[in-house]
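Work through the exercises below with the sequence and the model side by side, trying each task before reading its solution.

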Amino acid sequence: MSEYESEINDSVSMSTYKIASSSFTFNDVLPLDIINSIKKEICGISETSYEEARVGNGDNNFPIDITDPKIRISTVKWVDEMNWISSIFTHYMRIANREVWEYDITACQSIQVTRYEKNGHYGWHSDYGTSDDPQNTRKLSASLLLSDPSEYVGGKLQIINYHGTVVSIPKKMGQITFFDARIPHRVAPVLKGERLSLVAWFTGPKLR
């Protein structure tokens, strides 16, 4: 079952115009055994593959591939796009994109495993404008939460929606949230425990 993430309303209609939701969350679509299989698959990737998360967008003022604990504290490793986990993201992206954005999406970038431990965080940022292919850009971002909310304190995924309002995405293990890659978002500091998630980005031709 899917549902729009509540912002002001799921959508606001004014005359013939419609202001769409800037995020779309799927709850209760992944059985527990699938969630556990994903966790097992991730554990199969060497623990030494984790590296300090980096920030940047590739321009001259803010070069890519730097670490900055003031902006981001987490460790990451990668799931190859050929892995079966990618198909889960792609399937639900198609539904979310059809229902909300109808963007021209051509590819899914490799999936990032992100681990936030105590004091881990990622400050306000947006994903648009970053892509391995200079002809394309990230258009949709996705987050799959793998930790049970009882396993950590803090660490909320928050977005600033199209109305300029800060929205906290409810924490629920197995939920998949998609949002416009242009909007600012963050992971608030983890106060206790560990927050584990998968992050993916969907790219397409640059908006004009």
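**Exercise 1.** Locate Lys-77, decide whether Lys-77 is buried or exposed, and list its contacts.

Solution. Begin with the chain: Lys-77 belongs to strand E7, which covers residues 75-79, where strands (E, at least two residues) and helices (H or I, at least four) are DSSP runs numbered from the N terminus. The model is a predicted one, in which local features need pLDDT of at least 70 and side-chain atom pairs count only at pLDDT 80 or more, while totals for chains, interfaces and linings use all residues. Residues are numbered from 1 along each chain as its sequence is written, and side-chain values use heavy atoms, with hydrogens and water left out.

Next, consider accessibility: Lys-77 counts as buried because its relative accessible area is 2%, given that buried means under 20%, exposed over 50% and partly exposed in between, with a 1.4 Å probe and protein chains only. Finally, look for contacts (heavy atoms within 4.5 Å): beyond its neighbours within four places in sequence, Lys-77 meets Ile-42, Ile-45, Ser-46, Ser-49, Tyr-50, Ile-111, Gln-112 and Val-113. Of Ser-49 it can be added that its C-alpha is 5.7 Å from that of Lys-77, although their positions lie 28 residues apart along the chain.

**Exercise 2.** Describe helix H2, and say which residue follows H2.

Solution. Helix H2 runs over residues 85-101, and its 17 residues reach 23 Å from first C-alpha to last, close to the 24 Å expected at 1.5 Å a residue; the expected span is 1.5 Å times one less than the number of residues. The buried residues of H2 include Ile-85, Phe-89, Tyr-92, Met-93, Ala-96 and Val-100. In an α-helix there are 3.6 residues a turn, so residues three or four places apart point the same way.

After H2 comes Glu-102, in the loop that leads to strand E8 (107-108). The phi of Glu-102 is positive, near 60°, in a residue other than glycine, and Glu-102 is exposed because its relative accessible area is 64%.

**Exercise 3.** Which residues touch the most other members of the largest nonpolar core, and which element supplies the largest share of this core?

Solution. A nonpolar core is a set of buried Ala, Val, Leu, Ile, Met, Phe, Trp, Tyr and Cys residues joined through side-chain atoms within 4.5 Å. The largest one has 31 residues, and Phe-89, Ile-176, Phe-178, Leu-198 and Phe-202 touch the most other members. Elements that each supply at least two residues include H2, strand E11 (136-145) and strand E18 (195-205), and the largest share, eight residues, comes from H2. A second, separate core of 11 residues includes Tyr-122, Leu-157, Val-167 and Val-187.

**Exercise 4.** Find the largest cavity and classify the residues that line it.

Solution. On a 1 Å grid over the protein atoms alone, a cavity is a set of points where a 1.4 Å probe fits but cannot get out, and lining residues have an atom within 4 Å of a point. The structure holds one cavity of 30 Å³ or more, and the largest has a volume of about 70 Å³, a volume being the space filled by probe spheres set on grid points joined across faces, edges and corners. Its lining includes Ser-143, Tyr-152, Leu-157, Lys-171 and Arg-195. The lining divides into five nonpolar, three polar and two charged residues, where Ala, Val, Leu, Ile, Met, Phe, Trp, Tyr, Cys and Pro count as nonpolar, Asp, Glu, Lys and Arg as charged, and the others, Gly among them, as polar.

Technical notes:
On a 1 Å grid over the protein atoms alone, a cavity is a set of points where a 1.4 Å probe fits but cannot get out, and a pocket is an open set with protein on both sides within 12 Å along at least five of seven lines; lining residues have an atom within 4 Å of a point.
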